[in-house]
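Let's walk through this one together, starting with the place where the chains meet. Have a look at the model first, then read on.

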4 protein chains.
Amino acid sequence: MVGGGQGALIGGVHRIAARMDGRFDLVAGAFSSQAERNRATARELGVDEARCYANYQALLNGEAEHEEGAEVVAIVTPNHLHFPAALACLEAGMHVVCEKPMTLSVDEAQRLAEAVRASGKRFVLMHNYVGYPLVQHARELVARGDLGCIRSVQVEYVQEWLSEAPGPDNRQAAWRLNPARAGAAGCLGDIGVHAFHLAQFISGQRVSEVSAELFSAVTGRELDDNVHALLRFADGARGMLWASQTAPGFENALSIRVVGEKASLRWAQESPNELFFAPLDGPAQRLTRRDDRLGADIARGIRIPGGHPEGYLEAFANLYQAMSDGLDGDIVSPWLPGVEDGVDGMRFIAATLASSRAAGAWTPLQTTEGEP
Amino acid sequence: MVGGGQGALIGGVHRIAARMDGRFDLVAGAFSSQAERNRATARELGVDEARCYANYQALLNGEAEHEEGAEVVAIVTPNHLHFPAALACLEAGMHVVCEKPMTLSVDEAQRLAEAVRASGKRFVLMHNYVGYPLVQHARELVARGDLGCIRSVQVEYVQEWLSEAPGPDNRQAAWRLNPARAGAAGCLGDIGVHAFHLAQFISGQRVSEVSAELFSAVTGRELDDNVHALLRFADGARGMLWASQTAPGFENALSIRVVGEKASLRWAQESPNELFFAPLDGPAQRLTRRDDRLGADIARGIRIPGGHPEGYLEAFANLYQAMSDGLDGDIVSPWLPGVEDGVDGMRFIAATLASSRAAGAWTPLQTTEGEP
Amino acid sequence: MVGGGQGALIGGVHRIAARMDGRFDLVAGAFSSQAERNRATARELGVDEARCYANYQALLNGEAEHEEGAEVVAIVTPNHLHFPAALACLEAGMHVVCEKPMTLSVDEAQRLAEAVRASGKRFVLMHNYVGYPLVQHARELVARGDLGCIRSVQVEYVQEWLSEAPGPDNRQAAWRLNPARAGAAGCLGDIGVHAFHLAQFISGQRVSEVSAELFSAVTGRELDDNVHALLRFADGARGMLWASQTAPGFENALSIRVVGEKASLRWAQESPNELFFAPLDGPAQRLTRRDDRLGADIARGIRIPGGHPEGYLEAFANLYQAMSDGLDGDIVSPWLPGVEDGVDGMRFIAATLASSRAAGAWTPLQTTEGEP
Amino acid sequence: MVGGGQGALIGGVHRIAARMDGRFDLVAGAFSSQAERNRATARELGVDEARCYANYQALLNGEAEHEEGAEVVAIVTPNHLHFPAALACLEAGMHVVCEKPMTLSVDEAQRLAEAVRASGKRFVLMHNYVGYPLVQHARELVARGDLGCIRSVQVEYVQEWLSEAPGPDNRQAAWRLNPARAGAAGCLGDIGVHAFHLAQFISGQRVSEVSAELFSAVTGRELDDNVHALLRFADGARGMLWASQTAPGFENALSIRVVGEKASLRWAQESPNELFFAPLDGPAQRLTRRDDRLGADIARGIRIPGGHPEGYLEAFANLYQAMSDGLDGDIVSPWLPGVEDGVDGMRFIAATLASSRAAGAWTPLQTTEGEP
């Protein structure tokens, strides 16, 4: 693990998720650039002192020497380190699990994509919300045509935790509000990109253009803390995307509604064990994780029967489980987010920033020659 | 009553609402331009044949002659007749209740506003959703500062009933999809303007600019059936507005969320007897119509105790009740929508149409000299 | 109208409900035994002074003399007057709308049933909650076998308004807590009997035995304010019934769940425009008032489309509408509660009181010879 | 681990829960009485073949010999083995985690309680639902007087999975419906006892008497699959308890409502991250896991912030975490269910069976001399 020192949130989540199915052991780490914090974290986690490294380069060197060196690296640092660390890991022959936003720019993202292809290694991007079984089922409903042609996608990701200027001890807020470490996008890069990914994931369509307004609700903040955006999809659907980190009363309110010609669906992360499907010609349905109604590929990620709530950690663990399935055998999980999703995400961020600077002008997401 | 012949929806709603508190009697009407339908409607409603008129001009002439002629006219026709009928009624000395959208253009709206001022008569615009007690309470929460400075307003009005091309017998759909009778705005004028009004009403802020995309989801439709819009408010808040009449599973889903620096609120028309208030510094609250917790002005519109659901008809009736309060005595209901709300609505429609034609360019709502 | 003077709740509800569809006019009344309150009520309601009577006997005499005397009497007094007033009205040739509980005893109830049969007049018992279209639809789902054999019925009616000893000015509480005016049953007679009726109505089964515990949560109260009961139905189902008027946070929480071998359903009065149907072999469904999915008989009681909430007053008005249908023509509404429902209700009250006194012993509901 | 062979449900849950916080390793097991299944389970779980034992006695012997023998045994067998296995483990000096119902009789339960006291070892009874942070918070709300004196407790645990006669391959159903392995109580012992425990846990009151009706909804079933019961608590509250395993549409619907003189609360296991608190003198509140609003003792069991749903596995893991806290250090978790809760549960089962056989007679829960 690179990052995830004491006081960080997401590192601990990765550790629980990786451990949940007993398929990964944490054997080494570069948890913090602060030496004392680094060592203390290793001690707390039971990581051998010899395998607690000062930084990711030292980790790669050290593990290369080790008889049973680590095979997978989880990168859970602030944003600006994702790219160099991931690149180095791939070049060292490691599989990589990486937090989002994947890089600080489209260019970095494309270079990383090339590196993944060249390496032959697995690269999993932690768009963890698609690990929820019912999100995967929603995608399947769209894919098999139950909604008909998609008309409108309404997606939002709304939080309250940055409603006020954070206190000086809030380590998570500190780097997220600092352009040098978070990149040019604030709320947009932190959670807007999750909403974007979810919208593409379920709708099965790619966003082609965006018209956006970014703004900061809290005075003195350098980065956006709110995103209001209109979307156009390549296959004709339109959408709206709202992201905010300054909305009192919203804890972690990621939700999506997809409207098709024959039916609509909606799902909300805070109540993840139900999915609503509302056809034009019949009553609305509440779908749950009852095992026998979901596809076999989805059911592998269900550990307990319907009515026994699964949550954020289980969904998160499903990405580790699916990665492990891919490493150990030949089970491919087509839903597992990878480096191309990261390229898309960085293109979305870039286009949204550009549109907002251009007074909301419709701005195309960059495409590579030959891409659809 | 002008309009509201057999087969119409909203005419019957007006009649029930006007009757609910026993303060209005239906005494005369020009219900339909088709003579037979007109007479049949009068018979069904128990309106004297002599007071069933061929059109609104005949009605105004006839009632002027009548000993106890009508005092209030409800205009419930297709959109294109709202303006001429209302103007004629005012000039004939009638009080007017008028359906929305008030007119077909900003110019007509401004002329009607002048006519109202000149007449000294009451003019109520049927933005009926503000008749719900908890909508009025939401407005009061904002006005008294419980939310702090407003940051974002998310409003939507979504229906399914035009999801498919309507059959030939659907009288309501026929005129709403015909530019000659509905005006230049389809979904935008029919329901988008309700959402706009609600957003201004609760937030206490006026929309100053809009960036919009209108589109038709159903092939061959001349008017928009979907509205995606970003909003800017004069006092600094931003907003998003979604309106659609082609969304399966959404029956009459008008809802609003207002985000302030200290708290958020949300209300949904399909569950109108609860209002959610979520402060940053405490648990979310579910507010209801328990009489003793609402202001006296609001409580006048509550007929039964909390827990006994009130609905659409009661809210609608509250506009008639408040109008009657104003006619009979000197009780002023500051929330009652009037001709200035109609001017605002037409400005919103005009700016939204213009923005959509201009590829979503931010477009100011027209203001009159001297207005803020 | 008999009863319903100023300060009463239910009288006003009857008046709005009767007026809603324009089929009834209030022409006469004996609103209060206090002369001044009686006259003031008449004035407020626009009832001719000459037809404002000192009591129901005077009303019957007076109206008998009148050229266009009243045809229907609504009895909305405290409980102890229901029986004598209803009996007198029937004997005077009036149709009767009567509040529940119908009488103070099973014996009175049976005598009233005989009087109804002898009179040939209509008698409607105001179990108003079955006026909700979705309650009628729930009954139909059971009747047509969609739930299969019924296993369990869970019904409850819970309020908070008597959580504390009421103040001296609370006229409604005063008589309800007084055995001389309310009868031997407190909460049981006031709302428990509604729950009982709803359980029989939807399940299509009759309660045959009850095992109950009545208690008073507020010290010093002579009548029960809480009912805990187990039920047995004649056709084999079991049930549980909870009624309380001392439960903070519950406004008017009547709800029911019916469990069958193939599916369950649930409905709650505070959210009356949705009915949940959950089959064993498919996802749970949310049913609404979308007109085209309910039977024609039910749809007559729907005034506005799905998504436009209807509430307590509309449901209440449906009993008046159905009564009127029966008076004016030959439309029979089989769901309309009548005197036999009142007999059943009184039997339930009597058996529940007896069971509670006998330490919860299973106590059969009295039956008449020849009854099933 | 004793029990939990392939095809079992709860064994896997224990394993994930024990692993979640990295404090327990699975080192040995007697997973199944079928040798092949036993070995296959060990292989799948990575348990050393030498520590895969034929039965619990062999396990205790083997581990006693082992240098680093197991310290804690989780007993996850069918019910009839809980008692002998737990007794043997305690006598062998093991700490024990045991599934419910704890034993087959009150007598066994009392003997086990004595064994626990004599052993000085930890004994955790897997009433896992009290591991939810908001259940613990509910208990605290009651304990600190926010509800005032408790009036009524409504608890239910309803499932659908035994709605029909199960197929021959359903291993879980097979033993649960067999009196020789499940004991005399079916649904009552399987889930009714969870509801009972939750009612006592949150209300802080002990059930003193029960009046019950047990029945089987599915023909030919030897054990009850439904429980309808009225409760009396020692401190004066009353309650109702409904448990069913034959209710279509109910997946794992454990829920509770506690009514006090000042406020009510409600919580439902299928939506475990919200707790509703409704005071008489203010709006209803929705409480969540926002860390800073729960007590420090509760917050230890929260792994991720509010809005990131936690579920069944995390709650389950909290019992393991709390047990570990008690083993490693001196952190006492007063909410952790132990052997005395098991004695109470068996007394409840015995009294309920007796009451049902005695036509619902109020039946006291057995007490030991000197107990309150």
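**Where two chains meet**

Keep in mind that this is a predicted model. Between chain A and chain B, the count of salt bridges comes to 6. You can find one of them by picking out R238(B) and E213(A): their closest N and O atoms sit 3.7 Å apart, and a salt bridge here needs that nitrogen and oxygen to be within 4 Å. There are also 14 residue pairs in polar contact between chain A and chain B, both residues being at pLDDT 80 or more.

So which parts of chain A do the touching? Strands 5 (150-158), 6 (207-215) and 7 (226-233) are among the elements that give two or more residues to the side facing chain B, and so are strands 8 (238-244), 9 (253-260), 10 (263-268) and 11 (275-279). Sort that side of chain A by class and you get 19 nonpolar, 10 polar and 10 charged residues.

Now zoom out to the whole interface. Here 39 residues of chain A are in contact with 39 residues of chain B. Together the two chains bury about 3,200 Å², with 60% of that on carbon and sulfur atoms. What's more, 100% of chain A's interface residues are interface residues in chain B too, so the copies meet through the same surface.

How are the copies arranged? A turn of 180° with a shift of 0.0 Å along the axis lays chain A on chain B, with an RMSD of 0.0 Å. The two copies are therefore related as by a two-fold rotation axis. In chain A, the C-alpha nearest that axis belongs to A361(A), 3.3 Å away.

Finally, a note from a record: an unreviewed UniProt entry places the feature "domain: GFO/IDH/MocA-like oxidoreductase" at residues 135-266 of chain A. That span is 27% helix and 34% strand, and its end C-alpha atoms lie 10 Å apart.

Note on methods:
Residues are numbered from 1 along each chain as its sequence is written. Chains are lettered from A and ligands numbered from 1 in the order in which they are written. This is a predicted model: local features need pLDDT of at least 70, side-chain atom pairs count only at pLDDT 80 or more; totals for chains, interfaces and linings use all residues. Side-chain values use heavy atoms; hydrogens and water are left out. Copies are superposed by least squares on the C-alpha atoms of residues with pLDDT of at least 70 in both. Contact means heavy atoms within 4.5 Å. UniProt positions are given in the numbering used here, feature names are shortened, and annotations may be inferred rather than shown by experiment. Helices (H or I, at least four residues) and strands (E, at least two) are DSSP runs, numbered from the N terminus. Buried area is the accessible area (1.4 Å probe) that two parts lose on being put together, summed over both. A salt bridge is a side-chain nitrogen of Lys or Arg within 4 Å of a carboxyl oxygen of Asp or Glu. A polar contact is a pair of N or O atoms within 3.5 Å; within protein, one must be able to donate a hydrogen and the other to accept it, and residues adjacent in sequence count only if both atoms are side-chain atoms. Ala, Val, Leu, Ile, Met, Phe, Trp, Tyr, Cys and Pro count as nonpolar, Asp, Glu, Lys and Arg as charged, and the others, Gly among them, as polar.
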